[in-house]
Amino acid sequence: MGKSDFLTPKAIANRIKSKGLQKLRWYCQMCQKQCRDENGFKCHCMSESHQRQLLLASENPQQFMDYFSEEFRNDFLELLRRRFGTKRVHNNIVYNEYISHREHIHMNATQWETLTDFTKWLGREGLCKVDETPKGWYIQYIDRDPETIRRQLELEKKKKQDLDDEEKTAKFIEQQVRRGLEGKEQEAPVFTELSRENEEEKVAFNLNKGACSSAVSASSSKDPNCWLALGPSALKTVGSAASLKRKESSHSSAQSRAKKKKSALDEIMEIEEEKKRTARTDYWLQPEIIVKIITRKLGEKYHKKKGIVKEVIDKYTAVVKMLDSGEKLKLDQTHLETVIPAPGKRILVLNGGYRGNEGTLESINEKTFSATIVIETGPLKGRRVERIQYEDISKLA
């Protein structure tokens, strides 16, 4: 077996040595070749291929430096974006992870002499936020991807809308509470002093049992002990009547308060329902619904013909398969209109707060161009919704 064979100990040792990172001073960036020792690097520098590469670089050295600088910057920023995102991190941590890759671009072949110079350059160009601390330089990647910016703007808009809705609800509840307090102040009872016009007038009690039923019978009997004999029973009757009256009054006041609370709750529910009705978008196309072509630009062959939406492109364009011929057309939503089925058929809500829910058409109101539906899917299953506009629902295929 020869000395340079594949399975000799020397060949295996050479492969193990060349597997990991080697010293930077024995690396040739122009040829992208790593040497293991000084002798190997010396032999490489004397080789014909290295000399040809040096001649090419000497013709335009700035072009080669710009190329290596751009590659180093792109790879460094890509690693920072994928590995750390928009977190604040020490620049040396990112650099150590970058150079752990065997085929990386070395910094001594770029326009930056040190990592600090490169970090300052990133801050000046606005690619990263940089700040200096006693522990060194920290960098934070600035994500300028249009898709990321769009998602952030949509999230902020949604949060602002939710806050506005909460503020409106809180303001409405506060108005209801203030209105209730004002009503209580107006209904406050007025206490007056008890006065009797005739001092000699006697108080008579109508009792179901007993001989003395009225003041006339008492006076006609001429029995002074009659009032005394019925005194305790009369007091008991009066007390029971008064307690019954108090219970009835408290019950009626509780009913009135419950009625007020219920009315306020009903108003809040109506506002929420109205909010759902007004939560609309300018696009309504959904797959698997039946639509009607209303444009004449395609000729009388397709005018007023119906088809099934097979695909929705960019929210406003639909691929429609005709029901009669099976042909497929690509149409804008302005050239289509919804189809209202017969009562009892299944429909899909296309706009508003119930968007995306399937339901059943219950009835149609031709005067107001609206319909009444029953939701069949989702958390609102079984809810009956009235005054749904024709353009907000369409027949399911």
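**Close-up 1. R296 and E300 form a salt bridge between two exposed residues****.** A residue counts as exposed when its relative accessible area is over 50%. E300 has a relative accessibility of 55% and is therefore exposed. R296, at 54%, also counts as exposed. The side chains of R296 and E300 meet with N and O 2.7 Å apart. As in every view here, the coordinates come from a predicted model. The structure as a whole holds 11 salt bridges.

**Close-up 2. Helices α4 and α5 pack against each other at an angle of about 110 degrees****.** The axes of the two helices are 10 Å apart. Because angles from 65 to 115 degrees count as roughly perpendicular, α4 and α5 are described as roughly perpendicular to each other. On the α4 side, the contact is made by F72, D75, F76, L79, L80, R83 and F84. On the α5 side, the residues are N91, I93, V94, Y95, E97 and Y98. By class, this contact has nine nonpolar residues, one polar residue and three charged residues.

**Close-up 3. E97 and R83 form a salt bridge between α5 and α4****.** The closest N and O atoms of the pair are 3.0 Å apart. E97 lies in helix α5 (residues 91-99) and R83 in helix α4 (residues 61-84), so the salt bridge ties together parts that are 14 residues apart in sequence. E97 is partly exposed, with a relative accessible area of 29%. R83 is partly exposed as well, at 47%. Both residues also belong to the contact between the two helices.

**Close-up 4. The rings of F72 and Y98 form an aromatic pair****.** The model has 12 aromatic pairs. In this one, the ring centres are 5.2 Å apart and the planes stand at 85 degrees, so the pair is edge-to-face. F72 belongs to helix α4 and Y98 to helix α5, and the two are 26 residues apart. Both F72 and Y98 are buried. Ring pairs link these two residues with F76, W112, F118 and W121 into a cluster.

**Close-up 5. D131 and R88 join two strands through a salt bridge****.** The side chains meet at a distance of 2.7 Å from N to O. D131 lies in strand β4 (residues 128-133) and R88 in strand β3 (residues 88-90), so the bridge ties together parts that are 43 residues apart in sequence. D131 is partly exposed, with a relative accessibility of 28%. R88 is likewise partly exposed, at 46%.

**Close-up 6. E78, R81 and R82 are linked in a network of salt bridges****.** The view shows the side chains of these three residues. Their numbers place them within the range of helix α4, which covers residues 61-84.

**Close-up 7. D392 sits in the loop between β14 and β15****.** Strand β14 covers residues 384-389 and strand β15 covers residues 393-395. D392 has a relative accessible area of 6% and is therefore buried. Leaving aside its neighbours within four places in sequence, D392 is in contact with R280, L348, V349, L350 and N351.

Definitions and conventions:
Residues are numbered from 1 along each chain as its sequence is written. This is a predicted model: local features need pLDDT of at least 70, side-chain atom pairs count only at pLDDT 80 or more; totals for chains, interfaces and linings use all residues. Side-chain values use heavy atoms; hydrogens and water are left out. A salt bridge is a side-chain nitrogen of Lys or Arg within 4 Å of a carboxyl oxygen of Asp or Glu. Helices (H or I, at least four residues) and strands (E, at least two) are DSSP runs, numbered from the N terminus. Buried means under 20% relative accessible area, exposed over 50%, partly exposed in between (1.4 Å probe, protein chains only). Contact means heavy atoms within 4.5 Å. Axes are lines fitted to C-alpha atoms, for helices over the stretch in contact, and angles run from 0 to 180 degrees between N-to-C directions. Angles under 35 degrees count as roughly parallel, over 145 as roughly antiparallel, 65 to 115 as roughly perpendicular and the rest as oblique. Ala, Val, Leu, Ile, Met, Phe, Trp, Tyr, Cys and Pro count as nonpolar, Asp, Glu, Lys and Arg as charged, and the others, Gly among them, as polar. Rings of Phe, Tyr and Trp (its six-membered ring) pair if their centres lie within 6.5 Å; planes under 30 degrees apart count as stacked, over 60 as edge-to-face and the rest as tilted.
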